[in-house]
Structures are given as structure tokens and as C-alpha cells.
Amino acid sequence: MTSKTISNGILRAIGIILSIALVLYFLYKIQSVITYIAIAAVISLIGRPIVSFLENKLKFKNTLAVIFTMLVFFGVFAGIMALIIPLLVKQGENLSLINIEELQTNIENLYNEILTHFDLHQSDIRNSLKESNIASKIDFSILPDFLNSVVSGFGNFSIGLFSVLFITFFFLKDNKMFDNGVLTLIPEGKEERWKRSSNKIKDLLSRYFVGLICQISILFIIYTIGLLIIGIENAVLIAFLCALINLIPYLGPVIGAVLMVILTTTSNLGESFSEFILPKTLWVLVIVTFGQLIDNFISQPVIFSKSVKSHPLEIFLVILITGILFGIVGLIVAVPAYTALKVILKAFVTDNKIVKKLTKNL
């Protein structure tokens, strides 16, 4: 091996590394665009059955069917925003006018009532908590600024919304657009395999995302009815947020339960802990438990078995691994990404024993 060959190899390696770095930097700079495309792809998969129904059953033209589907999506989104924004604005106004000293006093009183109710006054726990003086160290003045910044952020949201709707329209109108782009990278003679795989992936993921909407809707109804029965203020908004967080596998229910308890408790600061706050909190936990029992034993088994056609243990391991590697994002995208990978492997790696075992139900 000559010095010229070695130098060419080094230069080629440096060029490859620089190219990869430039590509990663480019992807980093356009991450918002990638996010818009990903959201639009999910929405188009959800809307695909609606477009197919309108075209095949009601004989709509493709463009008219897509426009009607987009109007349905926009109507649902507008309804959700009409529900959430006024409540957020109201809470923002309330917090901007709130007496921070009074809020801190109420929380300290609640803290003392909890200690009294559970007889923790003589325990080491109370002494250590009292010495730490946590309540007095919390800067409650950040609450109004935080919520007001969230409300003001909706102004910038309009650009993203328009981008997602625009991309979704063309994904629904020309559902072969992505396939045609990928086909340019597929080796000759294997185009048909990719076409079959692509259609299979779209069908499975469409059923999966539609199933997730049904899952969230069921939890939302259960939470809303339960919170309204026990007289929680802003019950609809709290139920929607906690049901939506349930999209995060395994961690979502825990986060949702904690969020629901916090929101229902803080909305009643100043009330008696033993006579009002504790009973309300217990009823909230009952509502969350009931909703999760319905979700775990009815909703999720139907979604996973009918849509992605994977064993629950298989799904658990995939979610666990991707969660460790990629965090919250990995938890959310684990199931659809794994489903797409299984379909592609079945089409292109048909002789592998492991692939045959994993894809036997597809």
C-alpha cells in the first residue's frame, strides 16, 4: 500500500465525515420542517380511511374528498381550540392578577394541614421538611409569567398550523408522492415488493392511529364524566389534557394521574384538607384507576392486536428499548416505527427465521 493510496483513503474518510456532519447540521436546522412533515404524515394516515370511504362509497372526486376530509380535521381542531384557549386565557388572567403572598400562604397552610391529618408532627419526616423550609423557597411569581408565555406562544403556532395543513392536503391528494420518491432508491426488480409493503404499512398505521384516537376519546369521556360528577372546575380541559398525555406508553398514565391530582388540588387551595381536598383527591384517583382499567384491559389490547398485530410482550420490549435510547420521543414513535420495520423486513428478508417468527401474523 503506497502513501498515495493511504492519503487518498484519509481524504475520502474526511470527506465522508464532513458530508455526514453537513447533512446532520442541515437536518438540525430544518428540524421544524421535519416535524411538520411527520405530523402531516400522521394526519394523512388518519384521514386516509375517510378519503377512501368518500371516493369508493359516496363516489366523491379525489380533490373533493380530500377537501371534505381536511374540513373535518379543521372542524375538530377548531372545536378543541375553542375549548382550550378560553380556559387558558382565563387562567392566565387569573394568575396574572393573583396575590403571590396569598398563594404561598395557602400552600403552606395546606402543607401544615397534611402534616396534622396524617399525624406527622412528631416524626423525623416533619422535622426534616420543616428544616428544609421548601415551601418558602419556591418562587411562585414564575407561575403568571410562565402561563402568559404559553398563551402568547399560540401566535407563532399559526405558521406551523398552516404548514401542516398544506402538506397534509397534498399527502392525501397524491398518496403516491412518497412512494414514488422512495422507488428511486429501491433496486431494480424489487419495486413491487416496496409497493406492497408501502400499502400494508399505510393500512396498519391508519388503523393504529385511528385506534389511538378512539383510545383517547374513551379516556376523555370517562375522565370528563367522573370529574363533572365530583364537581371539579374546568373538568373538560383537565380530562382532555390527561387523556392526551396517555399517548405516552406506560409513563403517560402516571404523568396524567399526577397532573390531574395537582390541577384538581391547586384549584381548591384555601379549602379544608381533611374535609374537602383529601376526599376530592381520593375520588380523582378512583376515576383515574377506573379509566386505566378500561384502557389496559379493553382499549389497548384491541388496538395492538387488530392494528399492529404484535404480541403485548413484544410491544413492551420495543417501547422499553426505544424509551431508553430516545426518551419520550422514542416511547411515542416506537410502535408505528416497529410496525413499519416488520412489514419491510417481511418483504425484503423473507428467508430469515427470526423475521419469519416476528412477522407470521402480518
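Helix 14 takes a sharp turn in this predicted model: the helix bends by about 150 degrees at F326. The end-to-end distance tells a matching story. Helix 14 has 37 residues, yet its end C-alpha atoms sit only 25 Å apart, whereas a straight helix at 1.5 Å a residue would reach 54 Å.

What about F326 itself, buried or exposed? F326 counts as exposed because its relative accessible area is 58%, and over 50% is the cut-off for that class. F326 also belongs to a nonpolar surface patch of about 960 Å², together with Y250, L313, F316, L317, L320, I321, I324 and L325.

Now for the inside. The largest nonpolar core has 19 residues, and I201, L205, Y208, F209, I319 and V335 are the ones touching the most other members. Helix 2 (31-56), helix 10 (191-229) and helix 14 (312-348) each give two or more residues to this core. Helix 14 gives the most, with 9 residues. A second, separate core has 17 residues, among them I230, I238, M260 and V284.

Helix 10 also carries R207. The C-alpha atom of R207 is 7.8 Å from that of I46, although the two residues are 161 apart along the chain. R207 counts as partly exposed because its relative accessibility is 39%, which falls between the 20% and 50% limits.

Here are the two residues side by side:

| Residue | Helix | Relative accessible area |
|---|---|---|
| F326 | helix 14 | 58%, exposed |
| R207 | helix 10 | 39%, partly exposed |

Notes
Residues numbered from 1 in each chain as written. Predicted model: local features only at pLDDT ≥ 70, side-chain atom pairs only at ≥ 80, totals over all residues. Heavy atoms only, no water. Core = buried A, V, L, I, M, F, W, Y, C linked by side-chain atoms within 4.5 Å. Buried < 20%, exposed > 50% of the residue type's maximum accessible area, 1.4 Å probe, protein only. Helix = DSSP H or I, 4+ residues; strand = E, 2+ residues; numbered from the N terminus. Expected span 1.5 Å × (residues − 1). Bend = angle between axes of the 7 residues up to and from the residue. Patch = residues over 30% accessible without salt bridge, like charges linked within 9 Å, V, L, I, M, F, W, Y side chains within 5 Å. Areas by Shrake-Rupley, 256 points an atom, 1.4 Å probe, with all protein chains shown as cover. Salt bridge = Lys/Arg side-chain N within 4 Å of Asp/Glu carboxyl O.
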